[in-house]
Amino acid sequence: MIYLVLGSNLGDREWNLEQALAMLAEALKVDMLCSRVLETEAVGFNGPAFLNQAVCFESDIAPEALLDLCQDIEVRLGRPRHVPEYDAAGQRIFHDRTMDIDILKYNDLETHTDRLVIPHPQLWERPYVQELLNDITI
């Protein structure tokens with residue numbers, strides 16, 4: 001199973017989540033199991049609250065291709081193409097976003113490349129992610 005978490009804290013957050021899910025389902029041609037939507041405070045920066053939702057599905061899409069698809073959907077929903085930013089101490093700098101799609105787990109795969117880390121490095125640091133995953137864990 002592949003697990004993603006979607007988040008939005010700009011614009012019509014519910015619409016952003018709905019559109020991202022529709023785009024994923026259309027591109028992947030899969031049925032998805034979706035968690036409830038949960039509102040959470042921004043993590044790592046001061047900004048409006050996020051709406052978050054987790055999804056899981058089965059697919060044979062390659063992990064890097066899934067990353068490309070997720071980033072394309074983010075851009076199509078108004079997020080500027082992003083390059084991670086870091087402060088002088090090496091801490092990641094986060095910003096508001098219309099859509100953020102993170103690959104949490106991809107079957108039992110463990111990988112760490114310049115572009116992709118699976119399982120997601122903050123998977124266990126964000127309690128709301130665990131809460132959403134509990135909604136859909138099969």
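How many bridges join strand 1 to strand 4? Let's find out in the viewer, keeping in mind that this is a predicted model.

**Stop one: strands 1 and 4.** Select residues 2–8 for strand 1 and 50–57 for strand 4. The two run antiparallel, and seven bridges join them. To see one pairing, click on leucine 4 and look across to its bridge partner in strand 4, valine 55.

**Stop two: the other partners of strand 4.** Add strand 2, residues 33–34. Strand 2 pairs with strand 4 in the antiparallel sense over two bridges, and here cysteine 34 has valine 55 as its bridge partner. Next, bring in strand 3, residues 38–40. Its pairing with strand 4 is antiparallel too, with three bridges; leucine 38 is bridged to asparagine 52.

**Stop three: the two faces of strand 4.** Show the side chains of strand 4, where eight of eight residues are buried. Phe50, Asn52, Ala54 and Cys56 lie on one side. Turn to the other side and you meet Leu51, Gln53, Val55 and Phe57, also buried.

**Stop four: helix 3.** Now select residues 127–136 and color Tyr128, Val129, Leu132, Leu133 and Ile136, the buried residues of this helix. They sit on the same side of helix 3 because they cover an arc of only 135° around the axis. For contrast, pick Pro127 and Asn134, which are exposed on the other side.

**Last stop: what the helix packs against.** Keep the buried residues of helix 3 in view and display their packing partners: strands 1, 2, 3 and 4, plus strand 7 at residues 100–106.

Notes
Residues are numbered from 1 along each chain as its sequence is written. This is a predicted model: local features need pLDDT of at least 70, side-chain atom pairs count only at pLDDT 80 or more; totals for chains, interfaces and linings use all residues. Side-chain values use heavy atoms; hydrogens and water are left out. Buried means under 20% relative accessible area, exposed over 50%, partly exposed in between (1.4 Å probe, protein chains only). Helices (H or I, at least four residues) and strands (E, at least two) are DSSP runs, numbered from the N terminus. The arc is that of the directions from the helix axis to the C-beta atoms. Contact means heavy atoms within 4.5 Å. Two strands pair if DSSP finds at least two bridges between them.
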